[in-house]
Amino acid sequence: MSIAVKGVTKHFGDFAALRDVSLQVPGGSLVALIGPSGSGKTTLLRIVAGLESPDRGAVLYQDEDITQQSARDRNMGFVFQHYALFRHLSVFENIAFGLRIRKWSEDKIRARVKELLHLIRLEGYDRRLPSELSGGQRQRVALARALAVQPKVLLLDEPFGALDAKVRQELRQWLRRLHDEIHMTSVFVTHDQEEAFEVADSVVVMRDGKVEQAGTPQEVFDHPANGFVMDFLGNVNVFHGRMVEDLFHNGLKETTHGGVLDMSFCGTAPPPAGPTTVYVRPHELEVTMYSSGRGSLPTRVLHINPTSGVARLQLLMEDGTIIRAELTLASYSEMGVRVGDTVYVSPRRARVFNADTGQYIDDGAPIAHLDPKR
């Protein structure tokens with residue numbers, strides 16, 4: 001069951017929650033909607049579900065316009081952040097609730113609930129109350145209840161938002177495996193980029209009621225459409241500067257002195273002169289104990305956090321700006337860097353955007369006189 005959203009606009013009073021949003025969700029795919037608070041993610045999900053009506057635009061299921069259909073007629077499965085389980089009903093009765101409303105026979109109800117308890121790995125929990133379950137188990141019961149009525153589409157609104165980090169990690173891995181088993185068209189909202197990238201086939205980045213970019217996780221991460229997407233997807237160091245055309249020589253940058261980024265770029269012609277914003281991810285900064293003499297910037301080590309397979313460094317630049325870099329634990333151990341040391345950084349890779357429009361210019365990147373932001 002594919003989903004198409006075409007030119008959807010939604011206002012709440014004077015506030016524009018969605019602005020001419022169009023989106024394609026291929027049948028059998030799992031799509032994540034991500035973006036900051038107020039970007040329109042949940043409003044879009046509720047319009048797809050039929051819980052809200054658009055001011056303009058249309059929603060189609062498999063080329064059928066269902067914009068005016070009620071939520072019940074759309075045969076949706078909806079999972080909320082806070083479980084919404086019936087506290088006085090057992091696990092069995094929570095899952096069976098929708099089936100009883102649809103007047104399934106008792107034999108079919110028992111068979112369907114048994115099937116779902118196996119699917120969510122909670123066999124033997126059928127008589128327990130929600131209060132006797134962990135948060136992760138409750139969320140799996142909520143998902144089973146949504147799947148019980150065999151919906152055409154599954155919608156999830158921050159499904160793991162109320163859970164601690166370890167349980168979230170376990171559940172999102174479980175959700176991905178579950179999706180690979182049932183291949184149901186699914187759309188879920190999350191503010192957690194890591195969660196979206198781990199679980200989804202494709203991600204949709206939203207801001208101020210608009211879609212900024214849609215694509216596979218790798219496409220969006222490696223080729224952000226603009227500075228907002230780049231900045232939103234994880235930690236980045238941001239430098240403001242100005243392209244200087246006359247510093248180019250044979251497609252490479254002339255050697256320069258401190259305060260200048262000095263790198264090659266990927267384009268066939270130099271990016272135009274003018275204000276630019278250069279984004280560098282922490283793992284894309286090269287850290288050395290000695291200056292390379294080609295645009296490496298001196299910094300002082302403020303803090304080191306050697307966890308999760310990498311050493312995360314907070315570095316203080318001469319103008320007081322703090323930037324972040326990452327080293328493999330092997331490199332960190334070999335360098336012997338300590339808090340208070342002077343180290344030099346230079347980008348292995350950077351992405352350059354027009355400072356006025358935020359649009360992507362080049363990947364690589366050009367010389368830019370630096371006025372670091374963070």
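# Briefing: sheets, spaces and a salt bridge

The structure holds 4 cavities of 30 Å³ or more. This is a predicted model. Two open sheets are described below, one of 4 strands and one of 5 strands. The points after that turn to the largest cavity, the largest pocket and the salt bridges.

**The sheet of 4 strands**

- The strands of this open sheet follow the order β2-β1-β4-β5, and their pairing is antiparallel.
- At the edges stand β2 (15–25) and β5 (64–65), each of which pairs on one side only.
- Strand β1, residues 3–12, is joined to β2 by 7 bridges, in the antiparallel sense.
- Within this pair of strands, Lys-10 has Leu-18 of β2 standing opposite.
- Helix α1, made of residues 41–49, lies across β1, β2 and β4 (56–61).
- The direction of helix α1 is at about 120° to β1.

**The sheet of 5 strands**

- This sheet is also described as open, with the order β16-β20-β17-β18-β19 and antiparallel pairing.
- β16 (285–288) and β19 (322–328) are the edge strands; each has a single partner strand, so one side of each is left without a neighbour in the sheet.
- On average, neighbouring strands here are turned by 45° against each other, direction ignored.
- Strand β20 (residues 342–347) runs antiparallel to β17 (residues 297–307), and 4 bridges join the two.
- One residue pairing between these strands is that of Thr-299 with its bridge partner in β20, Val-343.
- β20 is also joined to β16 by 4 bridges, again in the antiparallel sense.
- For Leu-285, the bridge partner in β20 is Pro-347.
- In general, strands of a sheet pair through backbone hydrogen bonds, either parallel or antiparallel.

**The largest cavity**

- The volume of the largest cavity is about 40 Å³.
- Its lining is made up of Val-79, Gln-139, Arg-140, Leu-143, Leu-156, Pro-159, Phe-160, Trp-174 and Leu-175.
- Two elements, α4 (135–148) and α5 (165–182), give two or more residues to this lining.
- Helix α4 gives the most to the lining of the largest cavity, with 3 residues.
- Sorted by class, the lining of the largest cavity has 7 nonpolar residues, 1 polar and 1 charged.

**The largest pocket**

- The largest pocket holds about 580 Å³ of space.
- 23 residues line the largest pocket, and those nearest its centre are Met-76, Gly-77, Phe-78, Arg-102 and Val-149.
- The elements giving two or more residues to the pocket lining are β6 (76–79), α2 (91–101) and α4.
- Helix α4 thus appears in the lists of such elements for both spaces, the largest cavity and the largest pocket.
- By class, 17 residues of the pocket lining are nonpolar, 3 are polar and 3 are charged.

**Salt bridges**

- There are 17 salt bridges in the structure.
- One of them links Arg-112 with Glu-115, whose closest N and O atoms are 3.2 Å apart.
- Both Arg-112 and Glu-115 belong to helix α3 (residues 106–119).
- Arg-112 and Glu-115 are 3 residues apart in helix α3, which is about one turn of the helix.

Technical notes:
Residues are numbered from 1 along each chain as its sequence is written. This is a predicted model: local features need pLDDT of at least 70, side-chain atom pairs count only at pLDDT 80 or more; totals for chains, interfaces and linings use all residues. Side-chain values use heavy atoms; hydrogens and water are left out. Two strands pair if DSSP finds at least two bridges between them. Contact means heavy atoms within 4.5 Å. Axes are lines fitted to C-alpha atoms, for helices over the stretch in contact, and angles run from 0 to 180 degrees between N-to-C directions. On a 1 Å grid over the protein atoms alone, a cavity is a set of points where a 1.4 Å probe fits but cannot get out, and a pocket is an open set with protein on both sides within 12 Å along at least five of seven lines; lining residues have an atom within 4 Å of a point. Grid points are joined across faces, edges and corners, and a volume is the space filled by probe spheres set on the points. Ala, Val, Leu, Ile, Met, Phe, Trp, Tyr, Cys and Pro count as nonpolar, Asp, Glu, Lys and Arg as charged, and the others, Gly among them, as polar. A salt bridge is a side-chain nitrogen of Lys or Arg within 4 Å of a carboxyl oxygen of Asp or Glu.
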